[in-house]
Amino acid sequence: MVEKTSAFYKGKFIVASKALKLKRDRLVDTAYENAEFFDSLDINDRYPVRPFHGRPKKDNTRGEPYFAYYPKDKEKRNEIEDTREGSEETFAHALFKQIFSELNKLVFNSYNNSNFKVTAYVKDVKVNQSIYDEKNKRYQIDLLYKLSGTEPYSYFYKWNGQVALKINVSTNVSKLKKEVLLEQGIQILEANIKPEIVKELEDIRKNVKFLSAKELVNFLDKNMQELTDNELKNIIDEYLEKMYDEAYKKYKNNYITEKWRIFCAPLGEAVIFPEFEERFNMIFGFEQQIKELKNNIDDLNKKALDIQSENDSKHEEFEQQLITEAQKFNSGIKKREKQVVELETNAKLLVKQAESRKEEIENSYIDKADELTQLSQIKAESEYRELKIKHKDRIIQALLNRNWLQRLRNTDVSIPFLSKKNSDQ
């Protein structure tokens, strides 16, 4: 029997624990004719389901609540079971199916291909969408997105404006289902939920799933008492509902803020519809040209950076040379300044010595001048005495040269005094 932990109620996603609460509170009718829970949102292709408490396991513990098809749909149910990937829908599967159904933008990345990165903008999404092959066999898709655009743009046309997403927790997409979808132009991607996330979710619920009734009561911090089976079921369902809500808020917030991206891998390549193929080829060609131009720009930028780096290196080398030359020049300037200071000091010393010598000379000159004056006076006095002697000699000679009459009369002789000039003559 196919067991699902999620379904749709009044056009909205719902998990089995919440459906059981509605049933318990008599807010829904689970009769086949009045069924309100369905396996799909497609009114023309859906089957009613009803919620059940988790069935006992081999270890006498209960599993989690689930949805199952009505007996009246046994034939259809068997058909669905023949084309399913697994008989049970896990807690993680239901949780992320709801989260991914509410996003209006998805970012797909691949673990194996670093070049694969596609941002898809969601126009509409169908959960548990049914697809039929040529033999009218029914296949169910977790999520089928109608897109309003993609980045790169060519993927919108490559994927015919739609993409299917399989939430991969424990089972992979079957080869047959993949081929049917690709032939119908539906590109399918397999979203791999990180093992650590699955483990974290399992750790959260294992305290309920694998506890006995007594352990469960203690775990929920209730007083030990006799519980009916329905009371025990209600306690478990309420805890699972609360656990689901908390997990939903946590992981939904991570995807909305793009803290995490959806890591997935395209399974093959879908057939491109004729109305999309021409545009795909044209836009893909443009994208390749843009990619080539970007690569050329990157190459040019790299070359520019290399040239800049080389220029920077040369500039640094030139700057270093300038610094070295400047240091040498400054060293020479300082040496010259020192020499100038020494020269100025020496010049001042020489000037001082010259002034001192000048003073000595001037003093000596004054002394010599005095000596010359004295010598001149002595000379003049000497010459004057010499003239006087000569004058006296002339007088004596004139007296000697008097005639006898002059001698008789003893007449004096008057001889003019000689000058130095006349004396030399």
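**Exercise 1.** Which are the buried residues of α3?

*Solution.* In this predicted model, begin by locating helix α3, which spans residues 91-101 and is mostly covered, with eleven of its eleven residues buried. Then read off the names: F91, A92, H93, A94, L95, F96, K97, Q98, I99, F100 and S101 are the buried residues of α3.

**Exercise 2.** Describe the barrel, and then place the helices α3 and α5 on the sheet.

*Solution.* First, follow the strands: six of them close into a barrel in the order β6-β7-β8-β9-β10-β11, and the pairing is mixed. Neighbouring strands of this sheet are turned by 50° against each other on average, with direction ignored. Next, examine the pair formed by β6 (residues 105-109) and β11 (residues 262-266), which run in the parallel sense and are joined over two bridges; here N109 stands opposite F263 in β11. Helix α3 packs on the sheet, where it touches β7, β8, β9, β10 and β11, and its direction makes about 35° with that of β8. Finally, helix α5 (residues 175-183) also packs on the sheet, touching β7, β8 and β10, and its direction makes about 45° with that of β8.

**Exercise 3.** Determine the surroundings of E190, and decide whether a salt bridge is present.

*Solution.* Start with the position of E190, which lies in strand β10 (residues 187-192). Leaving aside residues up to four places away in sequence, E190 touches K166, N168, N172, V173, F263, C264, A265 and L267. Now test the charge pairing: the nearest side chain of opposite charge, K166, is 5.5 Å away from E190, whereas a salt bridge requires a nitrogen-to-oxygen approach within 4 Å. E190 is accordingly buried yet has no salt bridge.

Notes:
Residues numbered from 1 in each chain as written. Predicted model: local features only at pLDDT ≥ 70, side-chain atom pairs only at ≥ 80, totals over all residues. Heavy atoms only, no water. Helix = DSSP H or I, 4+ residues; strand = E, 2+ residues; numbered from the N terminus. Buried < 20%, exposed > 50% of the residue type's maximum accessible area, 1.4 Å probe, protein only. Lys, Arg positive; Asp, Glu negative; His and termini not counted. Contact = heavy atoms within 4.5 Å. Pairing = 2+ DSSP bridges. Axes fitted to C-alpha atoms, helices over the stretch in contact; angles between N-to-C directions.
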